[in-house]
Amino acid sequence: MAAAMELRCWGGDWGLPSVHTDSLIVLAYATFSGAKLTASPIDWTWKTLTATVPELVCGDSAVTEPSQILNFLRKQRFNADYELTARQGADTMAYIALLEEKLLPALLHTFWVDAENYANLTRPWFASRSPFPLNFLVPSCLAKIALSRILLTKGESPLHRITEVEGKIYSDAKECLNLLSYRLGTENYFFGNSPTSLDAFVFGFVAPLHKASLPSSPLQSHLRQLDNLTCFCDNILAVYFSSSHPYG
């Protein structure tokens, strides 16, 4: 009998099974591939400070990072990509790289660096999900990690200030969303009639931007003009994460 699989992740809100992009990617891929895993939110535990999420625990194995977790699931014969051609497989890798290079910095900036969003949405949410006294530490720690990630991706040196790269961050992100919208077209999924790992990644990146009640977000306003991408997210939520189709 196969060992039970547990996914440690941030919990859900805003109509999403998790508010955390990397956790969403894994949850989506697991449902697409038929993997039975139990989602164990780290909310209100000391793991909010110490854990690396998402983390898949299966027997004696513990795997972190979405790409590594998806590879682990494939080795367990949970493969949402088995019908892809070699060309589609290559396209998948290219689009995932595009998401991480072009869209991720803007998402991190939107949720963690933008002062209005951080003060009114992000910090209160993560503080409310962390036990005392971690509620004072966790949001600021995550914000510092996000800022470092942005500057590492976009700054030519650590001496760059975030204001020097903001314009480029958001223009790149809007271009990325436009490319995704064009590639998706009128289809429900990016390749054929069934969702694959690319759909999981796009969902993980785009759904929080679509569903969060952000006080300030030009990027969210841009996304709302791309009806097919917002419908893509809503469709996955309805088909794979509704009460009639529980995940995990």
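This report walks through a sheet, the helices packed on it and one pocket, all taken from a predicted model.

## The sheet

Let's start with the strands. There are 4 of them in an open sheet, and reading across you get β2-β1-β3-β4, with mixed pairing. On the edges sit β2 (37-41) and β4 (61-64), each of which pairs on one side only. As for twist, neighbouring strands are turned by 20 degrees against each other on average, ignoring direction.

Now zoom in on the β4 end. Strand β3, covering residues 55-58, runs antiparallel to β4, and 4 bridges join the two. One pair to look for there is Cys 58 and its bridge partner in β4, Ser 61.

## Helices on the sheet

Which strands does helix α1 touch? Helix α1, residues 21-33, packs on the sheet against β1 (5-9) and β2. The direction of α1 makes about 150 degrees with that of β1.

Then there's helix α3, spanning residues 66-75, which lies across β1, β3 and β4. Relative to β4, helix α3 runs at about 135 degrees. So β1 turns up in both lists: β1 is touched by α1, and α3 lies across β1 too.

## The second largest pocket

On to empty space: the second largest pocket holds about 230 Å³. It has 15 lining residues, and those closest to the pocket centre are Ala 80, Glu 83, Ser 194, Pro 195 and Thr 196.

What's the lining made of, by class? Polar residues account for 7, nonpolar residues for 6, and charged residues for 2.

Technical notes: Residues are numbered from 1 along each chain as its sequence is written. This is a predicted model: local features need pLDDT of at least 70, side-chain atom pairs count only at pLDDT 80 or more; totals for chains, interfaces and linings use all residues. Side-chain values use heavy atoms; hydrogens and water are left out. On a 1 Å grid over the protein atoms alone, a cavity is a set of points where a 1.4 Å probe fits but cannot get out, and a pocket is an open set with protein on both sides within 12 Å along at least five of seven lines; lining residues have an atom within 4 Å of a point. Grid points are joined across faces, edges and corners, and a volume is the space filled by probe spheres set on the points. Ala, Val, Leu, Ile, Met, Phe, Trp, Tyr, Cys and Pro count as nonpolar, Asp, Glu, Lys and Arg as charged, and the others, Gly among them, as polar. Two strands pair if DSSP finds at least two bridges between them. Axes are lines fitted to C-alpha atoms, for helices over the stretch in contact, and angles run from 0 to 180 degrees between N-to-C directions. Contact means heavy atoms within 4.5 Å.
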